[in-house]
Amino acid sequence: MNQQLRNNWTINEIESIYNSPLLELVYNAATLHRTFNDTAEVQVCTLLSIKTGGCSEDCAYCPQAARYNTGVDVQALMKKEEVLEYAQKAKDAGSTRFCMGAAWREVRDNRDFDRVLDMVKGVNKMGMEVCCTLGMLTEDQAKKLADAGLYAYNHNLDTSKEHYSEIISTRTYNDRLETLDNVRKAGVTVCCGGIIGLGETHEDRIKMLYTLATMPEHPESVPINALVPIKGTPLENNAKVDIWDMVRMIATARILMPKTMVRLSAGRTDMSIAEQALCFMAGANSIFAGDKLLTTPNPSFDEDNSMFQLLGLKPRTAFKEEKQYLREAVEA
Ligand code: SAM
Ligand code: DTB
Ligand code: SF4
C-alpha cells in the first residue's frame, strides 16, 4: 500500500465528500480506515481538569468562563501528587493517554507553569502519553513542555474562521493558528479539532475541516465534539446535535486525514451504543474515557469496557507510532 496523505484538498472536493450519500460516505471512510489503520483499535484517553473555572475568556459554549453563571466551582491548580494519583487510576483502568486541562486563556511563565511541567514529567515517567490543553502557548513554553516529556498538545479551532467571531471575541483565529504553529515547532504532536452544534452551517464545518486537512502536516489527532449545552452559557438552548451530522463529520475527517486519530469526543452520554458503533465504523478511533470530561459527565470505564467487548474493539497501546518506528529501524 502506497497511498499518499494529501494536504492540497480543495473546498469543492471536501464539500462533495461531506455531502455524498450517507452510506456511501461511511463505506468510503470505513474502507480507507481499514487500509491505513487497525480498525479494531481505539485509543482510550482520560481527561483531568487540573485548574477549573474562573476563566477570563468568553467562549460561548464553555462552562468554565467566569462571566457565565454555570454553577461550576472555581478550583485552583491541583497539587502534583493528586494529579499523579488520578493518572495512575486512569492507567490502571486501561487509558494510555492522560490529558490535563486548565481553564486558562494562556500559559504564563510562573510557578503554576513550573508545577504543570512537573506533572508532565511525572505522567510521562508512568509510561502514558501525556497531553495538555492550557490555552495559548509561546514557542518557548511549548519547548519547555516538550523537554518535560509532553507528547501532545490540544488546542481546538472549534469552528470555521468565519463563524469563530460569533463564538469567541476575546482572542482571534490567528492566535489559535499561531499556538498550533508553536506546538509543531517544538516537536510536540498536535491535537486539534472542533465542536459541532454551535449554530454553524454545514459550510462552516467544511471550512474547518479544510483548515485542518490543508495544514502542512495533518494534526495527529482531531477531536470532534458535540456541543454539551451548558445552562447559563449563551448556547444553553442550542438544539441537540444530530447523530447523522456527527457521523458525517467523522467520516469526512477520516477520508481527508486517513492516518489521524479521529476522536469521538464530548457528547457520548447522549449517544446509544449503536450510534457510537456507527461513528467507529465511519472512522473514529479514539475516545475520552472515565466518568467525567473536564466538568461534564461521560460514560464510565465499565460502560465503555462492555461496549468494547460487544463491538470487538481493543484499546490501542501507548506510543504505538514510536514502537513501529523503532521496529522498522531495527528491521532496516
Ligand atoms: N482553556 C483552554 C482552551 O480553551 O484552549 C483549554 C480547555 S478548553 C475547555 C478545551 C476545549 O474543550 C475547547 O476548545 C472546546 O473545544 C471544548 N469544550 C469546552 N466546552 C465544551 C462544551 N460545552 N461542549 C463541547 N466541547 C467543549
Ligand atoms: C476536546 O476536544 N474535548 C475535551 C478536550 N479536548 C479538552 C473537552 C470537552 C469538554 C466538554 C465540557 C466539559 O466537560 O467541561
Ligand atoms: Fe476559558 Fe478554554 Fe473555556 Fe474558553 S474554552 S472559556 S479559554 S476554559
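Modeller: Contact here means heavy atoms within 4.5 Å. This is a predicted model, in which local features need pLDDT of at least 70, side-chain atom pairs count only at pLDDT 80 or more, and totals for chains, interfaces and linings use all residues. Residues are numbered from 1 along each chain as its sequence is written, and side-chain values use heavy atoms, with hydrogens and water left out.

Colleague: How is the packing of two helices to be read, and which residues of H4 meet H5?

Modeller: Two packed helices are described by the angle between their axes and the distance between the axes. Helices (H or I, at least four residues) and strands (E, at least two) are DSSP runs, numbered from the N terminus. Axes are lines fitted to C-alpha atoms, for helices over the stretch in contact, and angles run from 0 to 180 degrees between N-to-C directions. Here helix H4 (residues 111–125) packs with helix H5 (residues 139–148) at an angle of about 30°, their axes being 8 Å apart. From H4, Phe 113, Leu 117, Val 120, Lys 121 and Asn 124 meet Gln 141, Lys 144, Leu 145 and Ala 148 of H5. This contact comprises 5 nonpolar, 2 polar and 2 charged residues; Ala, Val, Leu, Ile, Met, Phe, Trp, Tyr, Cys and Pro count as nonpolar, Asp, Glu, Lys and Arg as charged, and the others, Gly among them, as polar.

Colleague: How is empty space found, and what is the volume of the largest cavity?

Modeller: Rolling a probe the size of a water molecule over the atoms shows where empty space is left. On a 1 Å grid over the protein atoms alone, a cavity is a set of points where a 1.4 Å probe fits but cannot get out; a pocket is an open set with protein on both sides within 12 Å along at least five of seven lines, and lining residues have an atom within 4 Å of a point. Grid points are joined across faces, edges and corners, and a volume is the space filled by probe spheres set on the points. The largest cavity has a volume of about 850 Å³. Its lining has 40 residues, with Tyr 61, Cys 62, Gln 64, Asn 156 and Leu 294 nearest the centre.

Colleague: Which ligand takes up the space of the largest cavity?

Modeller: Ligand 3 does, a molecule being placed in a cavity or pocket if more than half of its atoms lie within 2 Å of its grid points. The residues around ligand 3 include Cys 55, Trp 104 and Arg 171, a residue being near if one of its heavy atoms lies within 4 Å.

Terms used:
Chains lettered and ligands numbered in written order.
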